[in-house]
Amino acid sequence: MEGIKNLIIDFGGVIINLTRNRCVEAFENFGVPDVRDRILNSKDLFMQIEMGTITSAEFRDGIRHLTRQHLTDRQIDAAWIAMLDDVPAYKLDLLMELRSKYNTMLLSNTNEIHWLWAEKNSFAHNGHQAGDFFNKIYLSYELNMVKPNADIFEYVLQDAAIDPAETLFIDDAIPNCRTAEALGIRTYAPQPREDWSHLFR
């Protein structure tokens with residue numbers, strides 16, 4: 001890809017396949033009201049854990065409060081993780097290839113529960129681990145910032161010391177891409193389960 005030296009790649013919906021309805025249904029079965037709205041509400045538990053403003057333990061306690069049920073940590077984690085599907089092996093092979101040619105970074109709105117699961121289950125390919133696929137990993141819950149806010153992009157650009165004009169951002173959420181574009185970053189928004197390797201062929 002002409003002029004591109006750096007790649008910033010999203011995780012959910014770009015690398016790992018997602019089935020969000022499965023998570024929604026799991027929480028609905030526990031009696032969590034208005035789950036779909038809550039997952040998208042920036043002031044609610046689901047966004048707070050992605051921002052890192054509450055701990056995993058506080059998130060679980062919040063779910064117990066909403067449901068008024070004595071749910072175990074394992075039950076809550078299983079429902080929250082239910083949206084995460086597989087990472088196709090060809091995408092992991094592609095990431096290894098891309099890292100050999102580009103300064104490759106992961107930038108994900110995620111949380112401790114999801115990321116610990118992903119580290120164990122999503123990147124164990126040919127003996128690798130998550131850090132083998134990227135030069136740097138940026139996670140919203142560790143940075144206390146989330147996409148599409150500009151501050152998280154500005155942080156990555158500064159921390160990685162990269163030129164936005166030489167950077168391609170791959171993310172399935174159009175609002176995230178719009179923010180990146182406003183900062184001079186080139187973008188691509190793949191469709192669900194798309195093989196986006198054509199960008200580099």
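**Notebook: disulfides, sheet, a loop residue, aromatic pairs**

I searched the whole structure for disulfides and found 0. The model is a predicted one, and I kept that in mind for each entry below.

Cysteines. I looked up the burial of C23 and of C177. C23 has 0% relative accessibility, so I entered C23 as buried. For C177 the value is 1%, and C177 therefore goes down as buried. The cut-off I applied is under 20% relative accessible area.

Sheet. I next traced the strand order. I count 5 strands in an open sheet, and they run in the order β3-β2-β1-β4-β5. The pairing is parallel. Which are the edge strands? They are β3, residues 136-139, and β5, residues 186-188, and each of these pairs on one side only. From one strand to the next I noted a twist that averages 20°.

I then looked at how β2 meets β3. Strand β2 covers residues 103-108, and 4 bridges join β2 to β3. The two strands run parallel. For the register I noted that L107 stands opposite Y138 in β3.

Loop residue N17. I located N17 in the loop between β1 (6-9) and α1 (20-30). Is N17 buried or exposed? N17 is buried, because its relative accessibility is 6% and the limit for buried is under 20%. I also listed its contacts, leaving out residues up to four places away in sequence. N17 touches M83, L84, D85, D86, P88, K91 and R193.

Aromatic residues. My count of aromatic pairs comes to 15. I wrote up one of them, F153 and F169, in detail. The arrangement is edge-to-face, with 5.1 Å centre to centre and 90° between the planes. The pair links distant parts of the chain, the two residues being 16 residues apart. F153 sits in helix α9 (residues 150-160), while F169 sits in strand β4 (residues 167-170).

I checked the burial of both partners. F153 shows 1% relative accessibility and so counts as buried. F169 is at 0%, so F169 is buried too. As for F169's strand, β4 stands between β1 and β5 in the order of the sheet.

Last, I looked for a cluster. Which residues form one aromatic cluster? I found F11, W115, F123, F133 and F134 grouped in this way.

Terms used
Residues numbered from 1 in each chain as written. Predicted model: local features only at pLDDT ≥ 70, side-chain atom pairs only at ≥ 80, totals over all residues. Heavy atoms only, no water. Pairing = 2+ DSSP bridges. Helix = DSSP H or I, 4+ residues; strand = E, 2+ residues; numbered from the N terminus. Axes fitted to C-alpha atoms, helices over the stretch in contact; angles between N-to-C directions. Disulfide = S-S within 2.5 Å. Buried < 20%, exposed > 50% of the residue type's maximum accessible area, 1.4 Å probe, protein only. Contact = heavy atoms within 4.5 Å. Phe/Tyr/Trp six-rings, centres within 6.5 Å; stacked < 30°, edge-to-face > 60°.
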